[in-house]
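Here's a short set of exercises to work through with a viewer open. Try each task yourself before reading the solution.

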Amino acid sequence: HGPVIQLNNGSWLIPQEGIDPGGKEPKVWVSRSTDAGETWEFHGMVSDSKDEIGFWELRLLQIPSGRILATMRTQEANFYQSHSDDQGKTWSPYRDTGLWCHGSSPLDMLLLEDGSVLCTYGQRREPYGIYACLLTNEGERWHYDDQVTLREGAPDDDFGYPNSELMDDGSILTVYYWHQEGQTRHLASIRWTLH
């Protein structure tokens with residue numbers, strides 16, 4: 001439920017999710033490969049199946065210090081986050097980001113040249129749209145007041161899953177799925193800058 005990332009030590013991490021037999025809410029964890037994806041093993045639990053909050057669609061990003069940032073989607077709460085300082089083996093207690101989720105599409109994280117992290121997300125409440133904000137200070141500070149509106153006006157909550165990439169000229173390309181009144185889903189994009 002998210003892209004594999006390659007760590008600075010050469011190993012790969014893959015985000016995973018599931019529900020324990022008899023469990024009620026999904027939990028998220030990471031598995032690791034040290035042979036370029038030939039074999040995988042459980043590596044670290046990010047959330048616990050005993051939690052009342054269910055977590056889905058874990059996203060991972062390693063920042064220059066080596067810390068791995070993780071964000072999680074929820075159905076009935078805000079986006080949550082955690083981090084690991086030991087290559088994904090153990091994780092900090094997860095905490096509320098303050099960003100509204102409640103079933104919105106997951107956060108995409110992009111490391112920028114200045115070390116900050118650009119987070120783009122589809123917010124599935126009116127005015128339905130694609131938004132972005134910065135995360136700084138090793139993943140500790142969210143810049144909510146500087147949120148950028150990339151697109152608004154979807155007819156309902158069936159849209160999102162943005163992915164952003166930094167282009168050679170310094171602009172950002174954000175691709176996401178969208179639809180109009182006719183319900184025909186399509187990919188759309190916006191090329192934009194933070195300045």
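The exercises below go from the whole chain down to single residues, and the model they use is a predicted one.

**Exercise 1. The overall build**

Work out how many helices and strands the protein chain has, and why it can be called as compact as a globular protein of its length.

Solution, step by step:

1. Start with the secondary structure: the protein chain has 0 helices and 16 strands.
2. Next, take the radius of gyration, which is 17 Å, and set it against the 16 Å that the globule rule gives for 195 residues. The two values are close, so the chain is as compact as a globular protein of that length.
3. For the extents, look along the principal axes: the C-alpha trace spans about 45 × 45 × 35 Å.
4. Then check the inside and the outside. Buried residues account for 48% of the 195 residues, while the chain exposes about 9,900 Å², with 46% of that supplied by carbon and sulfur atoms.
5. Finally, turn to the contacts with a separation of 6 or more: 42% of them are between residues 24 or more positions apart.

**Exercise 2. An open sheet**

Find the strand order in the open sheet made of 4 strands, and say which strands sit at its edges.

Solution, step by step:

1. The order reads β5-β6-β7-β8, and the pairing is antiparallel.
2. The edges are β5 (56-62) and β8 (95-96), as each of these pairs on one side only.
3. Zoom in on β5 and β6: these antiparallel strands are joined by 5 bridges.
4. For a concrete pair, pick L60, whose bridge partner in β6 is A70.

**Exercise 3. The surroundings of T74**

Is T74 buried or exposed, and what does its side chain reach?

Solution, step by step:

1. Locate T74 first: you'll find it in the loop between β6 (68-73) and β7 (80-84).
2. Now the accessibility. The relative accessible area of T74 is 0%, and the cut-off for buried is under 20%, so T74 counts as buried.
3. Follow the side chain of T74 to the backbone oxygen of A77, which it reaches at 2.5 Å.
4. List the neighbours, skipping residues up to four places away in sequence: T74 touches I53, G54, F55, W56, Y80, C101, H102 and G103.

**Exercise 4. Salt bridges around E140**

Which residues are linked with E140 in a network of salt bridges, and why does the pair of R67 and E140 tie together separate parts of the sequence?

Solution, step by step:

1. The full count is 7 salt bridges.
2. As a warm-up, take E41 and R32, with their closest N and O atoms 3.1 Å apart. E41 is partly exposed at 43% relative accessible area, and R32 is partly exposed too, at 24%.
3. Now go to R67 and E140, whose side chains meet in a salt bridge at 3.5 Å, N to O. R67 lies in the loop between β5 and β6 and E140 in the loop between β11 (129-136) and β12 (141-142), so this pair ties together parts 73 residues apart in sequence.
4. Compare the two ends: R67 is buried at 13%, whereas E140 is partly exposed at 40%.
5. E140 also forms a salt bridge with R95, the closest N and O atoms being 2.9 Å apart. R95 is in strand β8, so here the parts tied together are 45 residues apart in sequence. R95 counts as partly exposed, at 32%.
6. Put the pieces together: the network links R67, D85, R95 and E140.

Technical notes:
Residues numbered from 1 in each chain as written. Predicted model: local features only at pLDDT ≥ 70, side-chain atom pairs only at ≥ 80, totals over all residues. Heavy atoms only, no water. Helix = DSSP H or I, 4+ residues; strand = E, 2+ residues; numbered from the N terminus. Buried < 20%, exposed > 50% of the residue type's maximum accessible area, 1.4 Å probe, protein only. Polar contact = N/O pair within 3.5 Å; in protein donor to acceptor, adjacent residues only side chain to side chain. Contact = heavy atoms within 4.5 Å. Pairing = 2+ DSSP bridges. Salt bridge = Lys/Arg side-chain N within 4 Å of Asp/Glu carboxyl O. Rg over C-alpha atoms; globule rule 2.2 N^0.38 Å. Areas by Shrake-Rupley, 256 points an atom, 1.4 Å probe, with all protein chains shown as cover.
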